[in-house]
Structures are given as structure tokens and as C-alpha cells.
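Biologist: Please take a close look at the aromatic side chains and their surroundings. Keep it brisk, and give the cut-offs as you go.

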Amino acid sequence: MPTNTLTDAQCRAARPGEKPVKMFDGGGLHLYVSPKGARVWRLAYRLGGRAQTMSFGPYPEVSLAEARRRRDEARQVLRDGGDPMAPRRARQSLTLREAAEAYWGSRRDITDDYRRNVLSCLEQHVLPALGGRAIATVTRSDLLAELNKMADAGLLDYVRKARLWVSKVFAWAIEQEHCDANPAAAIDPETAFPRKTEEHFAAVDLHEVGDLLKRLALEDQSLQSVLACRFLAYTWARTTEARMMTWDEWPGEGDTWVINAGRMKRRRDHLVPLPRQAVEILKAMKARGRGSRFVFPGDRSLDRPMSENAVLYLLHRVGYKGRMTGHGWRSVGSTWANQAGYNPDAVEMQLAHVSMGKTRAAYNRARYLDERRRMLQDWADWLDAQDLV
């Protein structure tokens, strides 16, 4: 049977028809032209009496000469009694779960907490149905079905993160030749999933702070939720930042809390000056000596941080459901500082809202630290005057 019968000009001129077209070059090699116009090199061969097909990639990315070279290599493997698809099948036998663990386990630019969060999400929502499948066999429809379950359950922010996280797994698998396509990248989250109505964190007005603090003062002041709420008030920290705070970020002394860049939205260290009232709370938590790495550990497990709803439920209990959240202290503090005439840049820096280049960020972080320290101490003293303690 003659070989090398095609020319490059013929390949370039190939046009789709109503049915798939096969343009043969000999030796089983042919250019497959789909009705939609895709042109792919394929090799037809028999192994153990059964018809087999392997792909060499799209034309013209894979040239005619390259396709012929791969054909000749594959046929030599057949003459030697082997299967030219065996190496590819071995690579593509990796399961989605194995790929997720391999990729996210190899990342050295993320924190352990972030890694656990990613893998926990995938294990809960994607891997139960798809984790045991070879990653090369998972389709866009397969993945979309699992993500739609998350969207239907109201996890509208989380489903977008899950799609992004699994997309990174597929991108890695493509580079490592475990699969040929990224089905997650073919899902547009903006059109595939509905958006949650934007919610603003409830926060009281300044004139209501006194009443709120008086009600908090009626609670047991040794309760961790009370201490955490007061700590949020004194520092303007996000609830998640305080919940995930570990003792290596404040080793038991000093008046500055250093939040690791890996935990911050803008991926850089954030220095939080601590008024003396906040330091007293940290010392009280240290004295409890429960052995957890978290400053505010969970009630049921010292290996986990305090519940994200602990402070919220406390505020509900004292009569502020729907009116105040732990995160709301940031808004209250910002309002107070701006009305008191503090530098707006210092206020924004304290809230970790500032976006700037690395050099300018480092400069301003040092420039505003003393001013932020004075500001937070004045704020803490103002709170104390409202009967916080």
C-alpha cells in the first residue's frame, strides 16, 4: 500500500463536508476533517485483531512531516509486538482525585490552611462523583453537573471557587500529559451560575455603640465569643482574620500583630497595631493554655478555629440580629476615624483596603504604622468610655 500520498497543499485546502472526511496518507495515517472544520491527524491500526485509533494532534499545529514521523514510530512499536497507545493510556489513567492531590499538594506558594480548604471543597462537592474517574475521561458536562448542584444549594460564591480550583488541576494535568482538555476552563462562571444578591455587613451607627456595649457588658466577660467580639472591635480585623489568628503571628508579647500574606486578600503581610486593650485580650487567651495553635480555637476541637458564627450568634443573643456583625466593627471604626479627622490613607491602610505597588506599599506601611497605632489606641479608649468594660 503506497505511503506519503498527501501533500501539504492538500491538507491546507481541506474543507469540511456534511459528513466527516478522511484524507489518507498511507500506513493508516489520515487527516480527519470533522463537519465543523476541525482537522486532526489520526492513525488507524489493528491490535490483537481489533481496530484501534490514536490521535497525533491537530493540523497545522502538527505538520504533515511530524505526523508521518509519529506514524512510523507507532508502526515500529507494532512490529515489535507492542501497543503504541500504552504510554498514553498509562499517563491518562490518573484519576481526578489523584491529580487534585498531586497538584495542590505540590504548591509551595500557599498556606496549609488554604490547601486544606481547597481539597476539602473538592472532596465535598466534586470528587465524590468524579474523583475515581480517569481525569482524561471527565467532560465539561460531567463537571458542570456537579457544579450545578452547588449552585442549586445556594453556594454561589463557593461554586466559582470550586470551578477555579479544579480548573487549575486540569491545567496541570494537561502540562503533565495526563489529559488533553480542561473542561473547567470551558465553563464561564459568569453565565453558568447565578449571582448572589450583594450583601453588606450589618453595622450599627456610632450613636448606637453605647447601647450595644452595655448589652455586651451584661454577658460573661470570660466567654471566648465576647473576647473575640471585643478583639474585632479594637482592631478592625476581618472576622476570618481573627478566627484564623495563630500564636506565631503574635508570640505572646509586643504591640503588633503580623498577619501572614497568605491569609490576606491582597497577598501581602498586614501589620495590625494593637491597643493595650487588645493586648490584654490576647494575654487572657494565652493564659488559658489550651494548647491550640489558634488564638481563638474551636469549642469542640483545638485543631480548628472558632466557629465563623460564634460572634454573630453572640450579637443575635444580645438583641442585634440583622443590625450588627463582627465584621461590622470595621465600618463603625472607619466612620469614627474619618469623623475624628484621621488621615483617610491611614484608615484605609488599617482596613487593608489600599492597593499599590510593592515599593509604595512597603513605604506606606511603615509611614502610617505610628499614626494607625495612635488612631487605634484613641479608638479603644473611646470604646471603653462607652461602657465596653
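Modeller: Lys286 lies over the face of Trp247, 4.4 Å from the ring centre. Such a charge over a ring needs NZ of Lys or CZ of Arg within 6 Å of the ring centre and within 35 degrees of the ring normal. Arg42 makes a similar arrangement: its charged end sits over the ring of Tyr32, at 3.9 Å from the centre.

This is a predicted model, in which local features need pLDDT of at least 70, side-chain atom pairs need 80 or more, and totals for chains, interfaces and linings use all residues. Numbering runs from 1 along each chain as its sequence is written, and side-chain values use heavy atoms, without hydrogens or water.

Now the ring pairs. The whole structure holds 13 aromatic pairs. Rings of Phe, Tyr and Trp (its six-membered ring) pair with centres within 6.5 Å; planes under 30 degrees apart are stacked, over 60 edge-to-face, the rest tilted. Tyr114 and Trp165 are edge-to-face, because their planes meet at 85°, with the centres 6.1 Å apart. The pair links distant parts of the chain, 51 residues apart: Tyr114 is in helix H5 and Trp165 in helix H8 (residues 156-175). Helices (H or I, at least four residues) and strands (E, at least two) are DSSP runs numbered from the N terminus. Trp165 is buried at 3% relative accessibility, whereas Tyr114 is partly exposed at 30%. Buried means under 20% relative accessible area, exposed over 50%, partly exposed in between (1.4 Å probe, protein chains only). Both rings belong to one aromatic cluster with Tyr103, Trp104 and Tyr158.

Tyr103 leads on to Arg107. Their side chains share a polar contact of 2.6 Å. Asp109 gives Arg107 another, side chain to side chain, at 2.7 Å. A polar contact is a pair of N or O atoms within 3.5 Å; within protein, one must be able to donate a hydrogen and the other to accept it, and residues adjacent in sequence count only if both atoms are side-chain atoms. Arg107 sits in the loop between helix H4 (96-106) and helix H5 (112-125). Arg107 is buried even so, at 17%. Beyond its neighbours within four places in sequence, Arg107 is in contact (heavy atoms within 4.5 Å) with Arg115 and Lys168.

What holds the largest nonpolar core? It has 50 residues, and Leu212, Phe231, Leu274 and Trp329 have the most contacts inside it. A nonpolar core is a set of buried Ala, Val, Leu, Ile, Met, Phe, Trp, Tyr and Cys residues joined through side-chain atoms within 4.5 Å. Elements giving two or more residues include helix H10 (209-217), helix H11 (224-235), strand E5 (256-259) and helix H17 (358-385). H11 gives the largest share, eight residues. Phe231 touches Ala242, Met245, Trp257, Leu274, Ala278, Ile281, Leu282 and Phe296, leaving out residues up to four places away in sequence. Another core, of 32 residues, lies apart; Tyr103, Cys121, Leu143 and Leu147 are among them.

Two aromatic residues deserve a backbone check. Trp236 has a positive phi near 60°, though not a glycine. Trp236 is in the loop between H11 and helix H12 (239-243) and is buried at 0%. The Tyr59 to Pro60 peptide bond is cis, with omega near 10°. Pro60 falls in the loop between strand E4 (50-58) and helix H2 (64-79).
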